[in-house]
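Here is a protein chain to look over. The turns below ask why certain terms apply to it.

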Amino acid sequence: MEILKKCTCCGNDKPLSLFANKKAAKDGKSCYCKDCMVMKATEYKNTHKKKCSDYSSKYYLENKEKVTKRYKEYYQVNKEKISEHAKDYYQKNKEEIIEKCKKYYNDNKEELNERSKNYYKRNKEEITEYQKEYRQKNKKKMTEYQRNYYQRKKERLKNNLREL
Ligand SMILES: [Zn+2]
């Protein structure tokens with residue numbers, strides 16, 4: 001005859017085989033029958049799910065800096081993996097992505113223009129500052145580029161004149 005065990009949840013006497021194993025328990029079986037375990041797990045998940053998302057958004061608001069910092073750290077450490085993955089994803093879905101971008105741009109053209117105009121207005125000084133800095137840093141490169149550009153233009157002009 002099979003040994004029965006009383007489930008402390010539903011109070012039914014059930015055969016031991018209907019109880020989940022639990023090493024920590026005296027008889028090696030959980031004090032809840034399997035049915036009750038399943039029920040409890042679903043219940044727990046359901047009540048916990050909401051609490052969990054509530055908790056995480058609250059947590060995020062309270063720890064915004066910590067979270068962003070951790071994310072940044074994660075990004076730093078996994079930079080190559082992430083960019084590799086993004087590159088891979090882009091390669092595989094290139095056409096779709098371009099198409100989507102185009103569509104998004106067309107659908108939101110005015111709003112986007114407005115937004116970038118506003119962005120410029122709001123960050124004018126910062127942007128000018130950045131451009132100035134960029135020019136400072138890349139002065140040599142830019143003058144070189146300009147010199148080359150004029151050089152080529154001059155030659156093209158000369159060639160045109162010769163042809164005339
Ligand atoms: Zn039970």
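Q: Where is Asn-93 placed?
A: Asn-93 sits in helix 2. Helices here are DSSP runs of H or I with at least four residues, strands are runs of E with at least two, and both are numbered from the N terminus. The model is predicted: local features need pLDDT of at least 70, side-chain atom pairs count only at pLDDT 80 or more, and totals for chains, interfaces and linings use all residues. Residues are numbered from 1 along each chain as its sequence is written.

Q: Why is Asn-93 called exposed?
A: A residue is exposed if 12 or fewer other C-beta atoms lie within 10 Å of its own, buried if 20 or more do, and partly exposed in between; C-beta atoms are placed from the backbone. Asn-93 has 12 within 10 Å, so the residue counts as exposed.

Q: What is centred on Asn-93?
A: A kink of about 85° in helix 2. The bend at a residue is the angle between axes fitted to the seven residues ending there and the seven starting there.

Q: What span does helix 2 have, set against a straight helix?
A: The expected span is 1.5 Å times one less than the number of residues. For 44 residues, a straight helix would span 64 Å. Helix 2 (residues 64-107) spans only 33 Å between its end C-alpha atoms.

Q: How do helices 3 and 5 fare on that rule?
A: Helix 3 (residues 109-122) has 14 residues and reaches 20 Å, close to the 20 Å expected. Helix 5 (residues 139-163) has 25 residues, and its end C-alpha atoms are 36 Å apart, in agreement with the 36 Å it should span.

Q: Why does helix 2 lie largely in the open?
A: The number buried among its 44 residues is zero, so helix 2 is largely in the open. Helix 5 lies largely in the open too, because zero of its 25 residues are buried. Helix 3 is hardly covered, with a buried count of zero among 14 residues.

Q: What does the radius of gyration of the protein say against the globule rule?
A: The radius is taken over C-alpha atoms, and the rule is 2.2 Å times the number of residues to the power 0.38. A compact globule of 164 residues would come near 15 Å, but the protein has 33 Å. Its C-alpha trace spans about 115 × 35 × 35 Å along the principal axes. Of the 164 residues, 2% count as buried.

Q: Which pattern do the strands and helices follow along the sequence?
A: The order is β-β-β-β-α-α-α-α-α. That reflects four strands and five helices.
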